[in-house]
Amino acid sequence: MAKYRSIVILTGAGISAESGVPTFRGPDGLWEGHRVEDVATPEAFARDPALVQQFYNQRRAGLARVAPNPAHVALARLDAAFDGELLIVTQNVDDLHERGGARRLLHMHGELNKAWCLACDARSGWTADLDDDSRCPSCGRAGHLRPDIVWFGEMPYGMETIEAALARCDLFVSIGTSGNVYPAAGFISTVRYHGRAHSLELNLEPSGGTGWFREARHGPASQLVPAWVDEVLD
């Protein structure tokens with residue numbers, strides 16, 4: 001542990017896939033039967049809000065049927081034991097990291113269990129369905145809530161915090177990511193630019209950015225991540 005004083009961990013769909021959470025986009029380009037343009041853009045929400053709300057209501061309800069896997073639990077163990085600086089940046093909108101016990105966590109693409117009020121700009125915890133009758137807990141107005149999800153064309157959350165952490169970390173680990181979705185796919189370039197951090201990819205198979213990492217290990221996250229955490233904490 002004394003070797004590293006600042007760690008940034010990026011997680012993607014691959015870490016939650018082993019818990020039964022569907023990956024964002026399948027080989028046919030569809031997200032659970034829908035074109036991404038129909039359910040994951042501000043334009044889609046303006047065009048057919050009922051369809052978009054229904055899509056995310058189903059995703060939100062699906063969280064009750066999945067549970068954290070050993071990879072989530074291992075990262076929470078690292079979070080609890082590591083006394084240096086640690087930031088887990090996840091592209092996932094599920095709550096499996098939290099349920100696994102992680103605390104130093106940033107959801108760069110938002111969270112399924114939050115709603116964003118377009119009337120007062122408040123973000124609130126939300127586990128029920130969203131529809132036109134849903135009232136904002138902050139301002140009380142109905143019909144202005146949307147899923148607090150970063151859609152295509154919108155800026156991911158916490159980018160200044162993430163960039164600052166990447167600049168000063170001495171270990172960057174990417175877990176379960178395709179290496180094709182930006183800006184997260186560019187984090188390894190930021191790390192290499194600053195030139196001080198060791199970089200490690202833990203992925204089911206080589207990603208689009210494997211060649212940028214100093215070290216890569218390939219296999220199931222539920223096996224690789226606990227083994228790596230054991231190494232760090234040993």
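Start by selecting Met-159, Ile-162, Glu-163, Leu-166 and Ala-167 in α7, then add Phe-187, Thr-190, Val-191 and His-194 in α8: these two sets of residues meet each other. Keep in mind as you click along that this is a predicted model.

**Stop one: the two helices**

With both helices on screen, look at how they pack. The axes of α7 and α8 are 8 Å apart, at an angle of about 40°. An angle of about 40° is neither under 35 degrees nor in the range from 65 to 115, so α7 and α8 are oblique to each other. As for handedness, α7 passes α8 in a right-handed crossing.

**Stop two: Thr-177**

Next, select Thr-177, in the loop that runs between β9 (171-175) and α8 (187-194). Is Thr-177 buried or exposed? Its relative accessible area is 9%, and the cut-off for buried is under 20%, so Thr-177 is buried. To see what surrounds this residue, show Leu-10, Thr-11, Gly-12, Gln-91, Asn-203 and Ser-207; Thr-177 touches each of these, leaving aside residues up to four places away in sequence.

**Stop three: aromatic pairs**

Now colour the aromatic rings. Searching the whole structure turns up four aromatic pairs. One of them joins Phe-45 and Trp-151, a tilted pair with 5.5 Å centre to centre and 45° between the planes. This pair links distant parts of the chain, 106 residues apart: Phe-45 is in helix α3 (residues 42-47), and Trp-151 is in the loop between β8 (145-149) and α7 (159-168). Phe-45 and Trp-151 are both buried.

Move on to Phe-172 and Phe-213. Their ring centres are 6.0 Å apart and their planes lie at 15°, so this pair is stacked. Here too the pair links distant parts of the chain, with Phe-172 in strand β9 and Phe-213 in the loop between β10 (198-203) and β11 (215-218), 41 residues apart. Check the accessibility of each: Phe-172 is buried, at a relative accessible area of 1%, and Phe-213 is buried as well, at 11%.

**Last stop: a cluster and two arginines**

Return to Phe-45 and Trp-151 and add Phe-55 and Tyr-56 to your selection; ring pairs link these four residues into a cluster. Which residue lies over the face of Phe-55? Select Arg-59 and you will find it there, at 4.4 Å from the ring centre. Finish with Arg-146, which lies over the face of Trp-151 at 3.7 Å from the ring centre.

How values were computed:
Residues numbered from 1 in each chain as written. Predicted model: local features only at pLDDT ≥ 70, side-chain atom pairs only at ≥ 80, totals over all residues. Heavy atoms only, no water. Helix = DSSP H or I, 4+ residues; strand = E, 2+ residues; numbered from the N terminus. Buried < 20%, exposed > 50% of the residue type's maximum accessible area, 1.4 Å probe, protein only. Contact = heavy atoms within 4.5 Å. Phe/Tyr/Trp six-rings, centres within 6.5 Å; stacked < 30°, edge-to-face > 60°. Lys NZ or Arg CZ within 6 Å of the ring centre and 35° of its normal. Axes fitted to C-alpha atoms, helices over the stretch in contact; angles between N-to-C directions. Parallel < 35°, antiparallel > 145°, perpendicular 65-115°, else oblique. Left-handed = near helix turned anticlockwise from the far one by under 90°.
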